[in-house]
Amino acid sequence: MDAEASLDSPQQVPGTGRPVPTADPELVQRWHAAGGELVELLAQVRERLGGVAGFRLGPALTVLVTGPEAVQHVLARMPERYVKRSHRARLLVGDGVIAATGEAWQRQRRLLQGQFTGTGMRRYEQRIIEAARTTAGRWEEYARTGQALDVGREMHRFALDAIWRSLTGHPLDDATAHELEAVEAVGTALPTLPADADEARDAVAAELARIDAVARRAIEAARSTEAGPDGPGLLHVLTEAAAERPEYTDRLIRDELVTLLAAGHETTATTLTWLYLLLDRNPAAREQALAAGDEGSRQRRQAVQALVHETLRLYPSAWLLPRHAAEDDTLAGHTVEAGTDILVCPYLTHRDPQLWPDPERFDPRRFLTPGGRPAHPGAYLPFGIGPRACLGLQFALRESTILLEHLLPAHTVTFSATPTSATWGITVRPDGATPATLEWAPGFPR
């Protein structure tokens, strides 16, 4: 169990609490009639009823969890009572680690865990730096020529390059990048696909075929010991595991590869895109981060990391974490019956004014000032907490920081248009293009 699960807390006997406060059916009916986003309904339920609140979209009760103590109870203290049943991305990632459950998940998690902490992260650091340098080179050309770019597309290309180098040991070439656009296409389509699994697969069959072809070639190259310039990649760990673990079939290796590609680039790219949009509205935050210390200093790195953390507070990588109550429980004094669907919502926890003063304001100093952020581990969880917290947390934070250390001092970004809303899928993304031009920052040596 996650270390956070050992924190002292009142233990409650399952089934001995009071009923979960439940939203008036008229509230749900008005939301449904207005055609609103799910997040709008959740926000209203939380505002009216608090950090543990119920609502009904049909006959069954769904419980929304946003209070930090209850969040920690569900995700970290009692993960065996609140389980994942299936993942919306299973059509794309198959039985990869984010969709796996039970003993299969435990085995897959153990194999990958060490690749994203300590020595494992140091192994991939230079590959991330090379991906950042490649992006910085493109941005130098944009600044020199005045050519327009799409910031969101640039962030996707960087993040995909970083994870591809880490997986294969090779830089991302244009042809592979083009084929892997299918990963984003399927991920974007998932919330709108038919409920029937066969119909959903048919709707994106061409994109899945493109992804499978790329995965097959990469696996074959890894098996042929075709190490990249920086040595073997994470994919080699998976292919080598197959020699001793029969469960690592070609299909499971494909699923893990696609899981790492999808989760390893989409969340980082989205975070970096939001960050640049937030800096467009809050330009002083960029200046403050750069003024915190000299290039390469610990102070500047911490200030840049604070930009990332504050962006993740406003737009967490995992904005909604579904769980299922496998047995009766008492949650924050409320009875939760076995079979109840649970929605943990980091997006709303991060915007709770009782936890985060002036929560809609972009203020990276929250993560630099003692006492600037809540101490409770359930109050800030952009990658989840507990045993199923995102494996790639350190990888994502490191690659975001490295790229920003390359780009922020060199360029200022001027958007010609910015999205006015968000798209709420597996991640929360800007709803639209992000066209911009670049200028050299004053005083930056060219």
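Here a visitor and a guide talk through some features of a predicted model.

Visitor: Let's begin with the sheets. How do strands hold on to each other in general, and which strands make up the open sheet here?

Guide: The general idea is that strands of a sheet pair through backbone hydrogen bonds, in either a parallel or an antiparallel way. In this model, five strands form an open sheet in the order β1-β2-β8-β5-β3, and the pairing is mixed.

Visitor: Which strands are at the edges?

Guide: Look for strands that pair on one side only: these are β1 (52–55) and β3 (82–83). Follow β1 to its partner and you reach strand β2 (residues 62–65), which runs antiparallel to β1 and is joined to it by four bridges. For a spot to look at, find Val52, whose bridge partner in β2 is Val65.

Visitor: What packs on that sheet?

Guide: Helix α2 (residues 38–49) does, touching β1, β2 and β8 (341–344). The direction of α2 makes about 125° with that of β1.

Visitor: Now for strand β12. Which of its side chains are buried?

Guide: Read along residues 435–440 and watch the side chains alternate. Ala436, Leu438 and Trp440 point to one face and are buried. Pro435, Thr437 and Glu439 point to the other face and are not buried.

Visitor: Which strands pair with β12, and over how many bridges?

Guide: Strand β4 (residues 149–150) runs antiparallel to β12, with two bridges between them. There, Asp150 stands opposite Pro435. Strand β9 (residues 411–415) is also antiparallel to β12, over five bridges. In that pairing Val413 faces Leu438, and Leu438 is one of the buried side chains of β12.

Visitor: On to helices. How do I read the packing of α14 and α15?

Guide: Take the angle between their directions and the distance between their axes. Helix α14 (residues 283–291) and helix α15 (residues 298–314) pack at about 155°, with axes 7 Å apart. An angle over 145 degrees counts as roughly antiparallel, so α14 and α15 are roughly antiparallel to each other.

Visitor: Which residues meet there?

Guide: Ala285, Ala289 and Leu290 come from α14, while Arg300, Ala303 and Leu307 come from α15. By type, the contact has five nonpolar residues, no polar ones and one charged.

Visitor: Could we look at a single residue, Leu112? Is it buried or exposed?

Guide: Start with where Leu112 sits, which is helix α5 (residues 102–113). Its relative accessibility is 0%, so Leu112 counts as buried. Next, look for neighbours that are not within four places in sequence: Leu112 is in contact with Val97, Leu234, Leu238, Glu256, Leu260 and Leu391. Take Glu256 as a case: 144 residues separate it from Leu112 in sequence, yet their C-alpha atoms are 9.6 Å apart.

Visitor: How many salt bridges are there?

Guide: The structure holds 27. One of them joins Arg251 to Asp255, with the closest N and O atoms 3.5 Å apart. Both residues lie in helix α13 (residues 250–281), four residues apart, which is about one turn of the helix.

Visitor: Are Arg251 and Asp255 buried, or partly exposed?

Guide: One of each. Arg251 is partly exposed at 41% relative accessibility, whereas Asp255 is buried at 2%. This pair also belongs to a network of salt bridges that links Asp212, Arg251, Arg254 and Asp255.

Visitor: Which salt bridges does Arg361 make?

Guide: Arg361 meets Asp358 at 2.7 Å, N to O, and Asp363 at 3.0 Å. Arg361 is partly exposed, with a relative accessible area of 35%. Asp363, at 10%, is buried, while Asp358, at 44%, is partly exposed.

Visitor: What is the phi of Asp358?

Guide: For this feature, check the sign of the angle. Phi of Asp358 is near 50°, a positive value in a residue other than glycine. Asp358 is in the loop between α16 (346–349) and α17 (393–407).

Visitor: And where is Ala332?

Guide: Ala332 is in the loop between β6 (329–331) and β7 (334–336). Phi of Ala332 is near 50° and positive as well, and this residue too is not a glycine. Ala332 is partly exposed, at 40% relative accessibility.

Terms used: Residues are numbered from 1 along each chain as its sequence is written. This is a predicted model: local features need pLDDT of at least 70, side-chain atom pairs count only at pLDDT 80 or more; totals for chains, interfaces and linings use all residues. Side-chain values use heavy atoms; hydrogens and water are left out. Buried means under 20% relative accessible area, exposed over 50%, partly exposed in between (1.4 Å probe, protein chains only). Two strands pair if DSSP finds at least two bridges between them. Axes are lines fitted to C-alpha atoms, for helices over the stretch in contact, and angles run from 0 to 180 degrees between N-to-C directions. Angles under 35 degrees count as roughly parallel, over 145 as roughly antiparallel, 65 to 115 as roughly perpendicular and the rest as oblique. Contact means heavy atoms within 4.5 Å. Ala, Val, Leu, Ile, Met, Phe, Trp, Tyr, Cys and Pro count as nonpolar, Asp, Glu, Lys and Arg as charged, and the others, Gly among them, as polar. A salt bridge is a side-chain nitrogen of Lys or Arg within 4 Å of a carboxyl oxygen of Asp or Glu.
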